Amino acid sequence: MTADVTAARMTESPEDTDARVELRPLETLMSPTSSEPATDLDIVDDARFSVVPLSAASSDTPDEMTPIEETVDITAGLNESRQPQSEANGHGAENGGGSTPSRNGAQFLLARLEHQKERSDTLPARSSLDVQKDLERVQQTGDAEASTIDWDFWGEVVADYQTYAADHSEQLARAIEAGIPSPLRGLIWQQMCASKDPALEQLYAQYLKETSPHERAIKRDLGRTFPNHAFFTDGSGVGQGNLSNVLKAYSLHDPEVGYCQGLPFVVAVLLLNMPDEEAFCVLVRLMYSYDLRGHFLPEMPSLQLRMFQFDRLLEELLPVLHVHFLRQGVKSSMFCSQWFLTLFSYRWPLPIVYRIWDNCLASGIEAIFGFSIALLLKNEEALLNLKFDQILDFLKSKILDCYTVKREPTEEDPSTEGYLVDEFVMDAFRTRITPFMLDAYAREYADLLQAREAHAAEMDSLRNANRSLTAQVKKLEDSLAQLDREHCDIVKELVMQRITNEELETELVRYKLL
Amino acid sequence: MADAAASADKSIQVKLVLLGEAAVGKSSVVLRFVSNEFQANKEPTIGAAFLTQKCRLEDRVLRYEIWDTAGQERFHSLAPMYYRNAQAAVVVYDVTKAASLDKAKSWVKELQRQANPHIVIALAGNKVDLVNNAAASSSSTTEETSEDEPDDATATPAELAQAASGDGLRAVARDEAQAYATEAGLLFFETSAKTGEGIVELFTEIAKKIPIEHILASTRGGGANRPGGAASGSNAQGNVNLDANNQTPKNACNC
């Protein structure tokens, strides 16, 4: 991500107003590529800066953004060559590449190449021979979709994603928006997040031999992940086996996260597109470089942050709906936690999930906001007429209806529903979410947390003060009681003395009289 | 959420929350109650799910607004939001997993400490179908209720006939859980979301124990004007008629 920022700075100076417009497609391509993001302060600092696609382009270039109506079957996306359980692919790859070259291309190229040089030192680059082999294998499967893929274009992309992203960013951005051809999806995802790492794969093999304290919890959820997907229904099949392996390995790799419900859905989506050791590497990259990890840590700090950001976005971009939700008592955590924790893979149709992931992997996890907001925007009118429970029900089961079309089932694909995925992706890009907004909200949230902490600390110290004061009061009361008792004794003694005195006096008087 | 009450006509809102360890069958219990269905491999609940079900109790219509929460410890921090205003809670454990009762106990403790002080808590030992034939049960139950339910059409015979899966040995004796429930002042049931056993009884007894006048008073105060308890004729379909099972209170304890 350091490269993104460099690039962004470079463009801002020549054309201040246009910079945001031009930035979008390029930024979407720059994936977090550092191998050690957690230790690199620069990256941590800049993570929020440039990963979300700027969307101003939509208004300036309506022609380019015209949605391509494309219907995709529910089961699309299985990688024929890599997964034996694959099903028919109806996923077209009509858009082999855009045409308008970016005006800032040269600048980005320079920034990118520089970054590339740094990278090649830290990570062993994937040999082009390997890639070539993968590509050939995919090509040879000769399924229906393979013939429609622009092999020249995607071949170049796969061969060296980072370089291609730098050279032909605009083109690649357009192509990713239009969807990665499903046989290539697994390969490209790995390239996008630069996950290929033989050392990590070796570590994975090592983990499989060890035992994890989370194995029971993992096993419990295996049959409950995509229970209706053929690849995962068989309790002793490859699907559940791989799912178990990757989850177990991850729980050993990252004991702090260990195992968390929601994670199997993320892993399952990966496994539907690549073999298990590669899925493990991508998972590690997603967790650490894309900060998915904070979603699954105890207390789920990043999830809380994202829900806060989402609330603020809602307030900013859909103020009427925001107020409606407030009045109805609908909190974003009631529906968002599912979306965000599983990156929309929880009960959503895979063709849509894959396209969201394409964009998340290309441009950063913040892409989820675009999709969430676009969805609410599209359904705003319907939602405004609903009450609390209806809203939640709608969000759970009808929210995607607006992008669903009925269609005639074909022979190879019996499903009767297709999805206007392209339209959805375009709508997501049209939302006016900028990194600057997200940044500001993140700061607000940090302030809020700080205030909350300060408040809690104050409460704590007050409580402590109160406790010690109470103790003091008790002590004083005790000594007061003691004094009271002593006082009583003294008074009693005094009275006795007086009595004695009086007696003595009367005695004296009597003697005097005598 | 005050406004939400207005969405249902002429029924009494009862907010209910389900708590318990992961994979004890919370969502399945709700699904059985709400749509009389059972799914063998249900996805784990992520975050929480909201469902509603109307039921009739004597001359009143109750509308359960149910928050079904995620069971894994990691999601614990989200739970207070859901039980804060609840009038009833069902704490579920798995009769084949002893540790799940411990977790249930800690939920009960948390509820008694932090939830609404008038909350009605029910303890439900789920998955009793797995042990019904096993001898381990000290006082094995004879409830067989799924046939009595008014709208049984959705439960397929195949689901009901599905053989119990392997690890079916009882790990929590009924007496032990019952004793704990009595001591802690909870309603207690053994249930099976799979066969439907005990589910309707569970929600019926909760309904009986809910301080309805109290709720009516509070909702009226909240601005939602609803003539309390007027029996409406519009709840013909999909509702559970709690009275249907009332003739057989069976093992229902301290209510």
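Start in chain B and select His118(B), which sits in the loop between helix H3 (98-114) and strand S5 (120-126). Before you zoom in, bear in mind that this is a predicted model.

**Stop 1: His118(B) and its contacts**

Is His118(B) buried, partly exposed or exposed? Its relative accessibility is 48%, so His118(B) counts as partly exposed. Now show what surrounds it. Setting aside residues up to four places away in sequence, His118(B) touches Gln87(B) and His214(B). Add Ala88(B) to the selection too: it is 30 residues from His118(B) in sequence, and the two C-alpha atoms are 8.6 Å apart in space.

**Stop 2: Ala23(B), an unusual phi**

Stay in chain B and jump to the loop between strand S1 (12-20) and helix H1 (26-35), where you'll find Ala23(B). Check its backbone: phi is positive, about 65 degrees, even though the residue is not a glycine. For context, most residues other than glycine have a negative phi. Switch on a surface and you can look for Ala23(B) there; at 17% relative accessibility it counts as buried, since the cut-off for that label is under 20%.

**Stop 3: all of chain B**

Zoom out and colour chain B by secondary structure. How many helices and strands does it have? There are seven of each. Walk along the sequence and they come up as β-α-β-β-α-β-α-β-α-α-β-α-α-β. Of the 255 residues in chain B, 57% are buried. Take the contacts in chain B between residues at least 6 apart in sequence, and 79% of them join residues at least 24 apart. Finish with the surface: about 10,000 Å² is accessible, and carbon and sulfur atoms account for 49% of that.

**Stop 4: over to chain A**

Now select chain A, which has 26 helices and three strands. It runs to 514 residues, with 53% buried. Here 77% of the contacts with a separation of 6 or more are between residues 24 or more positions apart. The chain exposes about 23,200 Å², with 54% supplied by carbon and sulfur atoms.

**Stop 5: H7(A) against H9(A)**

Select residues 151-159 and 169-178 of chain A, which are helices H7 and H9. Their axes lie 12 Å apart and the packing angle is about 110 degrees, which means H7(A) is roughly perpendicular to H9(A). Turn on side chains to see who takes part: Phe153(A), Trp154(A) and Val157(A) come from H7(A), while Gln171(A), Leu172(A) and Ala175(A) come from H9(A). Sorted by class, that makes five nonpolar residues, one polar and no charged ones.

**Stop 6: H12(A), seen end-on**

Next pick helix H12 of chain A, residues 215-222, and highlight its buried residues: Ala217(A), Ile218(A), Asp221(A) and Leu222(A). Now turn the view to look down the axis of H12(A): the buried residues fall within an arc of 140 degrees, so they line one face of the helix. In an α-helix there are 3.6 residues a turn, so residues three or four places apart point the same way. What do the buried residues of H12(A) pack against? Show helix H14 (238-253) of chain A, and you have their partner. Then spin to the other side of H12(A), where Arg216(A) and Lys219(A) are exposed.

**Stop 7: Asp311(A)**

Move on to helix H18 (residues 301-317) of chain A and select Asp311(A). With a relative accessible area of 28%, Asp311(A) is partly exposed. Beyond its neighbours within four places in sequence, Asp311(A) is in contact with His322(A) and Ser332(A). You can also draw a distance to Phe388(A), 77 residues away along the chain: the C-alpha atoms are separated by 17 Å.

**Stop 8: Phe344(A), another positive phi**

Head for the loop between helix H20 (333-341) and helix H21 (350-363) of chain A to find Phe344(A). Its phi is near 70 degrees, a positive value in a residue other than glycine. Phe344(A) is buried, with a relative accessible area of 1%.

**Last stop: H22(A) and H25(A)**

End with residues 367-378 and 421-430 of chain A, helices H22 and H25, whose axes are 8 Å apart at an angle of about 105 degrees. H22(A) and H25(A) are therefore roughly perpendicular to each other. On the H22(A) side, show Gly370(A), Phe371(A), Ala374(A), Leu375(A) and Lys378(A); they meet Glu423(A), Phe424(A), Val425(A), Asp427(A) and Ala428(A) in H25(A). By class, the contact divides into six nonpolar, one polar and three charged residues.

Note on methods: Residues are numbered from 1 along each chain as its sequence is written. Chains are lettered from A and ligands numbered from 1 in the order in which they are written. This is a predicted model: local features need pLDDT of at least 70, side-chain atom pairs count only at pLDDT 80 or more; totals for chains, interfaces and linings use all residues. Side-chain values use heavy atoms; hydrogens and water are left out. Helices (H or I, at least four residues) and strands (E, at least two) are DSSP runs, numbered from the N terminus. Buried means under 20% relative accessible area, exposed over 50%, partly exposed in between (1.4 Å probe, protein chains only). Contact means heavy atoms within 4.5 Å. Accessible areas come from the Shrake-Rupley method with a 1.4 Å probe; for residues, only the protein chains shown count as cover. Axes are lines fitted to C-alpha atoms, for helices over the stretch in contact, and angles run from 0 to 180 degrees between N-to-C directions. Angles under 35 degrees count as roughly parallel, over 145 as roughly antiparallel, 65 to 115 as roughly perpendicular and the rest as oblique. Ala, Val, Leu, Ile, Met, Phe, Trp, Tyr, Cys and Pro count as nonpolar, Asp, Glu, Lys and Arg as charged, and the others, Gly among them, as polar. The arc is that of the directions from the helix axis to the C-beta atoms.
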